[in-house]
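Biologist: I am new to this structure and would like a close look at a single part of it. Could you pick one buried spot and walk me through what surrounds it?

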Amino acid sequence: TMSNYDLTNSSKECVKRALEAAKNAGQALCEPVHVAWALLESDYGNRLTGRAEVAQDKMLRDVKNLAKKSPAQDPPPLSSSLSSASQRLLERAQTSAKKRGDSFIAQDHLFLALYSEGELAQVFKRNGLDLNTATKIATALRGGKKVESDSAEENFDALEKYGVDMIKLAAEGKIDPVIGRD
């Protein structure tokens with residue numbers, strides 16, 4: 001179960017959404033593909049794919065198609081539980097977190113651990129996001145910070161989340177010229 005792992009609030013929310021996605025698809029087991037689905041739909045997935053300049057919607061569609069291969073039942077189950085593959089995914093993420101000196105499993109640990117899933121890794125690569133690129137971007141989004149509390153991720157990449165890139169806006173011609181200056 002999830003309680004065996006030290007997850008950040010964002011990671012907990014992600015796993016809950018993965019369980020919900022599996023349940024809504026009539027699948028009793030939440031597989032790593034459902035975790036990928038939840039991550040790609042999250043704010044983190046949005047920033048990761050944005051930085052990588054890959055089509056998030058296409059990658060998400062490919063992941064959802066892969067999820068459809070999991071056995072489903074009708075009527076759908078009342079709830080879904082983590083499959084053994086998903087538990088191994090959380091184990092890998094936890095090991096990765098410990099190696100990096102983090103106290104909690106963040107979304108980047110989960111995402112990078114998904115690359116051990118053969119079919120998912122292929123989907124990511126096919127969409128232009130190989131492990132090397134994903135690792136570099138995950139590190140950049142984190143800004144050299146450690147995950148020492150369950151809310152640590154909320155402080156990552158604050159500039160991108162809350163700031164306005166004036167240079168980008170100026171380059172796109174979206175800033176009004178200063179009055180009185182030619």
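Modeller: Let's start with leucine 48, which has 0% relative accessibility and therefore counts as buried, since the cut-off for that word is under 20%. Please keep in mind as we go that this is a predicted model. Leucine 48 sits in helix α3, which covers residues 43-52. Leaving aside residues up to four places away in sequence, leucine 48 touches Phe111, Leu129, Ala134, Ile137, Ala138 and Leu141. Take alanine 138 from that list: along the sequence leucine 48 and alanine 138 are 90 residues apart, yet from C-alpha to C-alpha the distance is 7.1 Å. For the protein chain as a whole, 70% of the contacts between residues at least 6 apart in sequence join residues at least 24 apart.

Now follow one of those neighbours, Phe111, which leucine 48 touches. Phenylalanine 111 counts as buried because its relative accessibility is 2%, under the 20% limit. What do the rings of Phe111, Tyr115 and Phe124 make together? Ring pairs link these residues into a cluster. The count of aromatic pairs comes to three. One of them joins phenylalanine 111 to tyrosine 115: the ring centres are 6.0 Å apart and the planes stand at 75 degrees, so this pair is edge-to-face. Tyrosine 115 is buried too, with 10% relative accessibility. The pair of phenylalanine 111 and phenylalanine 124 is stacked, with 4.9 Å from centre to centre and 20 degrees between the planes. Phenylalanine 111 belongs to helix α6 (residues 107-113) and phenylalanine 124 to helix α7 (residues 118-126), so their pairing ties together parts that are 13 residues apart in sequence. Phenylalanine 124, at 0% relative accessibility, also counts as buried.

Back in helix α3, there is a charged pair to look at: aspartate 43 and arginine 47 both lie in this helix, four residues apart, which is about one turn. Their side chains meet in a salt bridge, at 2.6 Å from N to O. Side chains of opposite charge can pair when their charged atoms come close. Are the two partners buried or exposed? Aspartate 43 is partly exposed, with a relative accessible area of 45%, whereas arginine 47 is buried, at 13%.

The count of salt bridges comes to seven, and helix α7 takes part in one of them through glutamate 119. The side chains of glutamate 119 and lysine 69 meet at 3.5 Å, N to O. Lysine 69 is in the loop between α4 (56-67) and β2 (81-82), so this salt bridge ties together parts that are 50 residues apart in sequence. Both glutamate 119 and lysine 69 are exposed. Another salt bridge joins arginine 92 and glutamate 117, whose closest N and O atoms are 3.0 Å apart. Here arginine 92 comes from helix α5 (residues 84-99) and glutamate 117 from the loop between α6 and α7, so to speak a link between distant parts of the chain, 25 residues apart. Arginine 92 is partly exposed, with a relative accessible area of 26%.

To place this part in the whole, the protein chain has ten helices and two strands. Of its 182 residues, 42% count as buried.

Terms used
Residues numbered from 1 in each chain as written. Predicted model: local features only at pLDDT ≥ 70, side-chain atom pairs only at ≥ 80, totals over all residues. Heavy atoms only, no water. Buried < 20%, exposed > 50% of the residue type's maximum accessible area, 1.4 Å probe, protein only. Contact = heavy atoms within 4.5 Å. Phe/Tyr/Trp six-rings, centres within 6.5 Å; stacked < 30°, edge-to-face > 60°. Salt bridge = Lys/Arg side-chain N within 4 Å of Asp/Glu carboxyl O.
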